[in-house]
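This report covers salt bridges, cores and one helix of a predicted model. Please keep the sequence and the structure in view while reading.

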Amino acid sequence: MKFSTKLGLWFFFCILIIETGSMLFLHQNVVQSLVDNEMESLLARGDSHRDVLEESFTDNTLQHIVLMESKTDTEVVVTDTSGRIINSSIAINNDIKSIIAPTTHNNQIIEADWKSKPYIATASPFSSNSGDSGTVFMLKSTNQMKGLITDLNHHFGIAVIIILFFLVITNLFLVKLLTKPLVSMKEATKRINEGDFTVTLPVKSKDEIGELANSIQTLASNLNYLQQERKEFLASISHELRTPLTYIRGYADIGQMPHLLDTQRIEYLKIIHEESIRVSTLLEDLFELAKMDQNSFSIVKEKIKLGEFLQLIFEKARPVFSNSGIDLQFYIKKDCYVNIDPLRFEQVVQNILDNALKYSDGGTTTIELSKKDNTCELTISDEGKGIPEDQIPYIFDRLFRVEKSRSRLTGGVGLGLSIVKEIVDAHEGELKVSSKIGVGTTVSILLKEAKNR
């Protein structure tokens, strides 16, 4: 048997084993991830209804919750502490009775067996301000999950066939490529045997092969990192869009009810308007970042006296801070000129001030401008909640939020500081952050002083 054949068979079976193991591992993790996401989404939805009931336990609220769930692929059952059904979006059968049987529930997943059970389910106990208590049960039929996993298995099967096909083609090509140096050396030795000493042999350096292997590994690692970042980014965006769109759709459906009071309809329209603004802001930020990634956003620099520029921003921001009980102060230790894009840099300062406003419950926020040598330093310090030290390196990552459970009414989606970082980098500036829990956060921007001409 020729060496090329042995090499081809060895390479084929090794790759086949690796690919098989990888596909099995990937399939298992994808299925588990799908199930986990469904369970977490179901529990989060139950928790949302629980929060509403704890604030306002009324027949109208219960009807709104049931109505919202009737428009989705999930079901809700609300019971009291004795297990009596208060309201439900689905007809109660024996399978559902066994799930909502009265017992002590924490905020938990109570049925996760999607393979053999007709429903997956979660329980979210509540205790309202009016003294009523009970449990919100969220259910979802497992038929849909089974269908998705069946389709996933089908796609994986097709992928395996395609991979095997290309593996055979690639194997034939690579074997020929890898044995080419051996053939060249055979021809070279034949020519040497014939007395031709002018031959040039292929370079045989393990270091070079090692460097190539390292380069490929680095490329693979980078691509894997980008893929994971893409998946996490899409998952986060999906989550951030799903919540306001659910509110918009839910309240739009409720708002179409013919016997709704005008005051209620206006309140629902107000919520729809607020959630629409939230979605619009998120999309604008994403569009801004997309332009930055493609280097298609423009920076038009002007020579600006930074103190006067910041004074205008300070005057606009001070009433907003004052209304929130925060004392906003501005100090100029030493003014300087810088080359900046006024619109873009105002966006930077406003985003930082917006974070200081969101994460402070009072105290003082200070804007300070100073200069050292040929560097202008803008410092914005607040007396807010602060950032854990181990999370500071990640605050400029897109969609990263320090407090994952932060209220939707007070927290952002984690894009503001990403935009700040991109704009500061485009100005060839340096961005520094220091923070201490319970003390506050300081953000510093260092810019080169504009040269006098």
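Arg-45 and Glu-69 join their side chains in a salt bridge, 2.6 Å from N to O. Arg-45 belongs to helix H1 (residues 3-55) and Glu-69 to helix H2 (residues 59-70), so the pair ties together parts that are 24 residues apart in sequence. Both Arg-45 and Glu-69 are buried. A salt bridge here is a side-chain nitrogen of Lys or Arg within 4 Å of a carboxyl oxygen of Asp or Glu. Buried means under 20% relative accessible area, exposed means over 50%, and partly exposed lies in between (1.4 Å probe, protein chains only). Helices (H or I, at least four residues) and strands (E, at least two) are DSSP runs, numbered from the N terminus.

This is a predicted model, in which local features need pLDDT of at least 70 and side-chain atom pairs count only at pLDDT 80 or more, while totals for chains, interfaces and linings use all residues. Residues are numbered from 1 along each chain as its sequence is written, and side-chain values use heavy atoms, with hydrogens and water left out.

The salt-bridge count comes to 13. Three of the pairs are tabulated here.

| Pair | Closest N to O | Burial |
|---|---|---|
| Arg-45 and Glu-69 | 2.6 Å | both buried |
| Arg-50 and Asp-47 | 3.6 Å | both buried |
| Glu-449 and Lys-371 | 3.2 Å | partly exposed, 24% for Glu-449 and 25% for Lys-371 |

Arg-50 and Asp-47 are 3 residues apart in helix H1, so about one helical turn separates them. The bridge between Glu-449 and Lys-371 has a wider reach in sequence. Glu-449 sits in the segment after strand E12 (440-448) and Lys-371 in strand E9, so this pair ties together parts that are 78 residues apart in sequence. Salt bridges with shared partners also link Glu-38, Asp-73 and Lys-140 into one network.

Strand E9 (residues 364-372) also holds Thr-365. Is Thr-365 buried or exposed? Thr-365 is buried, because its relative accessible area is 0%. Its contacts (heavy atoms within 4.5 Å) include Phe-321, Asp-327, Leu-353 and Asp-382, leaving aside residues up to four places away in sequence.

Next come the nonpolar cores. Such a core is a set of buried Ala, Val, Leu, Ile, Met, Phe, Trp, Tyr and Cys residues joined through side-chain atoms within 4.5 Å. The largest has 39 residues, and Phe-345, Leu-353 and Ile-445 touch the most other members. Helix H7 (residues 306-323) gives the most to this core, 7 residues. A second, separate core has 21 residues, among them Met-39, Trp-114, Met-138 and Met-145. Beyond four places in sequence, Phe-345 touches Leu-306, Phe-309, Ile-340, Leu-378, Ile-445 and Leu-447.

Phe-345 and Leu-353 are also among the buried residues of helix H8, as are Arg-344 and Glu-346. Helix H8 (residues 342-358) has 17 residues and should span 24 Å at 1.5 Å a residue; its end C-alpha atoms are 24 Å apart, which agrees. The expected span is 1.5 Å times one less than the number of residues. Asp-341 caps the N-terminal end of H8, with a side-chain oxygen 3.1 Å from the backbone nitrogen of Leu-343.

Overall, the protein chain has 9 helices and 12 strands. Of its 453 residues, 34% count as buried. Among contacts between residues at least 6 apart in sequence, 66% join residues at least 24 apart.

Notes
A polar contact is a pair of N or O atoms within 3.5 Å; within protein, one must be able to donate a hydrogen and the other to accept it, and residues adjacent in sequence count only if both atoms are side-chain atoms.
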